[in-house]
Amino acid sequence: MPECSEWIVARPPRRPVRFSAARAAMFASAAVAAAAIVAVLADIAQNDLHWAPLVLFPVVIGLILGAALVGIARLTQTGHRPTLLAASLAAAALAVAGQHFFAYWNHRIDPAVGRERAKAMAAFPDVADRLTAPAEDWLGFMQTAAQRGRPLPGGWVARGEWAWASWAADALLLVFAVLAMVATAWRLPYCARCGSWWRTIRGGRWTAPEAGRLVAAVGAEYPPEAVATVRYRLTSCRSGCGPFGLKLLWRDSAGRDFACDLWLNTAGRDRVMQLADEVVRREQADDRASAPDPLAHSTERTEPTESVRPGEPDAGD
Ligand SMILES: [Zn+2]
């Protein structure tokens with residue numbers, strides 16, 4: 001079918017994404033909140049649940065924060081890469097610092113530490129004023145922890161500079177995990193014209209003959225092996241600027257998975273929508289035929305397509 005190839009376009013045009021102060025502010029503020037929540041969760045896992053496997057822990061925390069940032073970028077429709085990069089780096093740094101800060105904060109409000117201080121105040125009432133101030137600040141707490149040492153697997157203890165180096169290595173792993181997630185997601189198609197990510201507007205599952213018609217209709221090569229069903233997903237930016245993405249997924253008789261990505265113009269999108277409507281109508285007709293409708297006599301409906309309703313003037317000829 002010669003006309004079909006005209007529906008397929010190469011790719012969405014790559015237009016530069018403009019900076020938007022409003023979106024940057026939305027993304028950055030939500031990213032800061034996400035980083036704070038992740039830091040609290042990391043502190044709970046590490047200090048309350050005592051789950052902090054070496055190397056794996058900062059990577060897991062980074063992937064969680066990265067996934068949250070990707071979700072925020074899609075919700076706020078932020079596709080400007082420098083904005084995403086700067087705010088994600090800041091969020092990652094905040095999550096690293098936040099973990100250590102919450103550890104310090106828990107230590108400060110620890111009742112055991114408070115009891116010690118109360119005992120000291122009772123014993124030395126003349127210096128009580130000075131004792132009410134916390135014994136150390138955040139940096140002092142970190143330095144004390146570094147001197148005490150960080151236990152590592154195999155009976156090793158990283159002390160002093162080695163403890164700081166191990167925290168720095170954790171921080172780098174977290175930052176890399178965050179950036180890997182965000183940089184993977186920003187490669188997804190984004191419409192610079194209306195400022196939105198492509199998202200699914202229609203999708204479903206087709207039986208083999210229907211899939212064959214769909215695949216042939218968009219001019220793609222039909223899956224060569226016997227295929228039971230083909231899943232399809234039609235994607236568009238928010239305003240439908242075009243082109244439209246069509247993803248086809250199928251599994252052959254040997255159980256191998258195949259995927260096919262196409263970009264369609266408006267005519268191609270309309271053809272896919274038309275086929276989807278035809279299948280929905282066919283399925284509805286099958287449902288009605290198989291299940292006897294108790295209200296069939298009062299609400300009988302025929303297919304609205306070709307039939308001309310009685311009483312309606314015959315338009316056209
Ligand atoms: Zn658009």
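These are my notebook entries on one predicted model, in the order in which I looked things up.

**Entry 1. The chain as a whole**

I began with the totals. The chain has nine helices and nine strands. Of its 317 residues, 21% count as buried. I then looked at contacts between residues at least 6 apart in sequence, and 71% of them join residues at least 24 apart.

**Entry 2. Confidence**

I checked the pLDDT before reading any detail. The mean over the chain is 81, and 79% of the residues reach 70 or more. Residues 298-317 have a pLDDT below 50, and this stretch has three contacts in the model beyond near neighbours in sequence. Where pLDDT is low, the predicted coordinates should not be read in detail. I left the stretch 298-317, with its pLDDT below 50, at that.

**Entry 3. Helices α1 and α3**

I turned to helix packing. Two packed helices are described by the angle between their axes and the distance between the axes. I looked up both values for helix α1, residues 21-48, and helix α3, residues 81-108: the angle is about 35° and the axes are 7 Å apart. The crossing of α1 past α3 is right-handed. I sorted the residues of this contact by kind and found 18 nonpolar, six polar and one charged.

**Entry 4. Helices α3 and α7**

Helix α3 also packs with another helix, α7, which covers residues 161-185. The two axes come within 9 Å and cross at roughly 145°. This crossing is right-handed. Which residues of α3 and α7 make the contact? From α3 I noted L84, S88, L89, A92, A95 and V96. From α7 I noted A171, L174, V175, V178, L179 and V182. By kind, the residues of the α3 and α7 contact are 11 nonpolar, one polar and no charged.

**Entry 5. V70 in helix α2**

I picked V70, which lies in helix α2. Is V70 buried or exposed? I counted 19 other C-beta atoms within 10 Å of V70, and a residue needs 20 or more to be buried, so V70 is partly exposed. Leaving out residues up to four places away in sequence, V70 touches M181, V182 and A185. V182 is also one of the α7 residues in the contact with α3. I also looked at V70 and A31, which are 39 residues apart along the chain, and their C-alpha atoms are separated by 9.7 Å.

**Entry 6. Strands β1, β8 and β9**

I followed strand β9, residues 257-264, and its pairings. Strand β1, residues 8-9, runs antiparallel to β9 and is joined to it by two bridges. In this pairing I8 stands opposite L264. Strand β8, residues 244-252, also pairs with β9 in the antiparallel sense, over eight bridges. One of the pairs I looked up there is L249 of β8 with A259 of β9. β8 and β9 form a hairpin with four residues between them. G255 in the turn has a positive phi of about 85°.

**Entry 7. Backbone exceptions**

I searched for unusual backbone geometry. Most residues other than glycine have a negative phi, and most peptide bonds are trans.

- H50 is not a glycine but has a positive phi of about 55°. I found H50 in the loop between α1 and α2. H50 has 7 other C-beta atoms within 10 Å, and 12 or fewer make a residue exposed, so H50 is exposed.
- Q77 is not a glycine either and has a positive phi of about 55°. Q77 is in the loop between α2 and α3. Q77 counts as partly exposed because 18 C-beta neighbours lie inside 10 Å.
- The peptide bond from G242 to P243 is cis, with omega near 0°. I placed P243 in the loop between β7 and β8.

**Entry 8. S196**

My last entry is on S196, which lies in strand β5, residues 196-197. How many C-beta neighbours does S196 have inside 10 Å? I found 17, so S196 counts as partly exposed. S196 touches Q77, C191, C237 and R238, again leaving out residues up to four places away in sequence. Among these contacts is Q77, the residue with the positive phi that I noted in the loop between α2 and α3. S196 and A73 are 123 residues apart in sequence, and from C-alpha to C-alpha the distance is 10.0 Å.

Definitions and conventions:
Residues numbered from 1 in each chain as written. Predicted model: local features only at pLDDT ≥ 70, side-chain atom pairs only at ≥ 80, totals over all residues. Pairing = 2+ DSSP bridges. Contact = placed C-beta atoms within 7 Å. Axes fitted to C-alpha atoms, helices over the stretch in contact; angles between N-to-C directions. Left-handed = near helix turned anticlockwise from the far one by under 90°. Nonpolar A, V, L, I, M, F, W, Y, C, P; charged D, E, K, R; others polar. pLDDT = per-residue confidence, 0-100.
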